[in-house]
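Colleague: I would like to go through this model with you. I will ask what stands behind each label.

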Amino acid sequence: RNCQWLCCPDWSATAWVCAEAASYQMRNCVCVSDLLLKGKWAVEDMKDSKLPGDKGLVLKSRAKHHAISAQLLRPFIFDTKPLIVQYEVNFQQGIDCGGAYVKLLSQTADLNLDEFVDKTPYTIMFGPDKCGEDYKLHFIFRHKNPKTGEYEEKHAKKPDADLRTYYTDKKTHLYTLVVNPDNSFEVLVDQTVVNSGNLLTDMTPPVNPPAEIEDPDDHKPEDWDERPKIQDPDAVKPDDWDEDAPQQIPDEDAVKPDGWLDDEPEYTSDPDAVKPEDWDEDMDGEWEAPQVPNPLCETAPGCGTWQRPMIDNPNYKGKWKAPMIDNPNYQGMWKPRKIPNPAFFEDLHPFRMTPFNAVGLELWSMSSDIFFDNFFITNERHTAERWANDGWGLKKAAEGAAEPGLVKQMMSAADERPWLWAVYVLTVALPAVLLVLFCCSGKKAPAAADYKKTDEPQPDVEEEEKAEEDQVKEEKSQSG
């Protein structure tokens, strides 16, 4: 058959999945073509690879469902050692809407990788996902209810870090999940922690349900009074309360300013306006010149009929309302009584999850050419770090060496955005010119003639010269 094989070497230190076409002995291998669900996969070089010959698993199709998986050499058992999951992703074409997360498939009697779909049970789902402007980095684990045996997804809180760069820079990034036996966890990108917490306190919904719940059969009594304040029933409107008094009244102390032009309108017809030649009075009506501000009003305090300004009415009270008083019958906000939660349980060791024995990518993506490499699962953190340095570390170094220098980056940016040249001139060239002018211009001591240019009091030049001569004579006499 026309297969591209994913093969796993027998390495005793860890269980891992190798996403490259290699000449290992044909065991523990998976045929890509057997696992296709419409979407296409390929094993190939990165498009802009800085390390020729370094192949990876590539999601090739847009707007299709993809699924591929591989069996581990042995199941991972959650006991006394941590779980470290690590792999690399490069969104070579960027990412519009789609995921690049990995699923650790639960060890079950009916697990069939040839039928790997979205409903296939998994223990942990981990990795990047993005749609629109929502940038996610999933950590989800399926927790088994010890009372009912049913599974429920538990989602880690959203990272506080800004994840945008990892999805847009088209570089290879290393995603790492560490889950410890003490229930703590860490999520790292490029060996930097971006999220951390505890399985017992930082998952939604919580692992353990509340010990008590509100009684669904409890109902608020009809006479229950939740009003903390009520209108005073004994209050009476005062006899002098005038509800009809206006809120504002004319200011009787106001006086019309001198020079007010009562007979001049604020606006007048434009004397320069001319009726258009094509004006048809039968269709357009009688033509009138447009109104313009009256030029006579520009220098006057006002034009037209003068009216007194309005002020607040000191006698205004508005509609009378009885004052509010404490409700003597207030019983507080009603809540149903608490009863023991029949579904309550307490699992203090959620780390002890369902063992998994396969790794899979089950993805829908609107972007193509998502590059995956170096899937790695272990219980030894230093081994994972060493593997990361030997794999992702080389990619990072090669990508860094290939990046253009600062000046070249600035020139390229200005070619795309010409307005940046103005910014460069203001931020670089202008300060340099000012520095040169400052250094080249010497500060001269004021001459005696310069003192004549100001009326400010200045020191007496003759007195200063005489004082200097007297000091010189005194020094000579002391030395003699």
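Colleague: Which residues is Phe139 in contact with, leaving aside its neighbours within four places in sequence?

Modeller: Contact means heavy atoms within 4.5 Å. Leaving aside those neighbours, Phe139 is in contact with Ile124, Met125, Lys154, His155, Ala156, Leu177, Val179, Phe185, Val187, Leu199 and Met203. A caution first: this is a predicted model, where local features need pLDDT of at least 70, side-chain atom pairs count only at pLDDT 80 or more, and totals for chains, interfaces and linings use all residues. Residues are numbered from 1 along each chain as its sequence is written, and side-chain values use heavy atoms, with hydrogens and water left out.

Colleague: What makes a set of residues a nonpolar core?

Modeller: The set must consist of buried Ala, Val, Leu, Ile, Met, Phe, Trp, Tyr and Cys residues joined through side-chain atoms within 4.5 Å. Buried means under 20% relative accessible area; exposed is over 50%, and partly exposed is in between, with a 1.4 Å probe and protein chains only. The largest such core has 57 residues. Ile124, Phe126, Phe139 and Phe372 touch the most other members. Apart from that core lies another, of five residues, including Val178 and Phe376.

Colleague: Why are Phe76 and Phe78 called an edge-to-face pair?

Modeller: Rings of Phe, Tyr and Trp (its six-membered ring) pair if their centres lie within 6.5 Å; planes under 30 degrees apart count as stacked, over 60 as edge-to-face and the rest as tilted. Phe76 and Phe78 have 5.1 Å centre to centre and 70° between the planes. Both tests are met, so the pair is edge-to-face. The structure holds 14 aromatic pairs.

Colleague: How do you know that Phe76 and Phe78 are buried?

Modeller: Phe76 has a relative accessible area of 10%, and Phe78 comes to 6%. The limit is under 20%, so both count as buried.

Colleague: What makes Tyr87 and Phe126 an edge-to-face pair?

Modeller: Their ring centres are 6.3 Å apart and their planes are at 85°, so the pair is edge-to-face. Tyr87 counts as buried at 0% relative accessibility, and Phe126 at 1%.

Colleague: Which parts of the chain does the pair of Tyr87 and Phe126 tie together?

Modeller: Tyr87 lies in strand S7 (residues 83–91) and Phe126 in strand S10 (residues 122–131), so the pair ties together parts that are 39 residues apart in sequence. Strands (E, at least two residues) and helices (H or I, at least four) are DSSP runs, numbered from the N terminus. Tyr87 and Phe126 also belong to one aromatic cluster with Trp41, Tyr175, Phe372 and Phe375.

Colleague: Why is strand S13 (residues 173–179) described as largely enclosed?

Modeller: Seven of its seven residues are buried, so S13 is largely enclosed by the rest of the structure. In a regular strand the side chains alternate between the two faces of the sheet. Both faces of S13 are covered: His173, Tyr175, Leu177 and Val179 are buried on one side. On the other, Leu174, Thr176 and Val178 are buried.

Colleague: How do you know that S13 pairs with S7?

Modeller: Two strands pair if DSSP finds at least two bridges between them. Seven bridges join S7 to S13, so they pair, and they run antiparallel. Tyr87 stands opposite Tyr175 in S13. Five bridges join S13 to strand S14 (residues 184–189), also antiparallel. Thr176 stands opposite Leu188 in S14. S13 and S14 form a hairpin with four residues between the strands, where Asn183 takes a positive phi near 80°.

Colleague: What makes S11 and S12 a pair?

Modeller: Strand S11 (residues 134–144) and strand S12 (residues 151–156) have five bridges in the antiparallel sense. The minimum is two, so they pair. In S12, the bridge partner of His143 is Glu152. Six residues lie between S11 and S12 in their hairpin, and Gly149 in the turn has a positive phi of about 80°.

Colleague: Why does Arg142 count as sitting over the ring of Tyr151?

Modeller: A charge sits over a ring if NZ of Lys or CZ of Arg is within 6 Å of the ring centre and within 35 degrees of the ring normal. Arg142 lies over the face of Tyr151, at 4.5 Å from the ring centre. Arg142 also lies over the face of Tyr122, at 5.7 Å. Both distances are within 6 Å, so the distance test is met for each ring.
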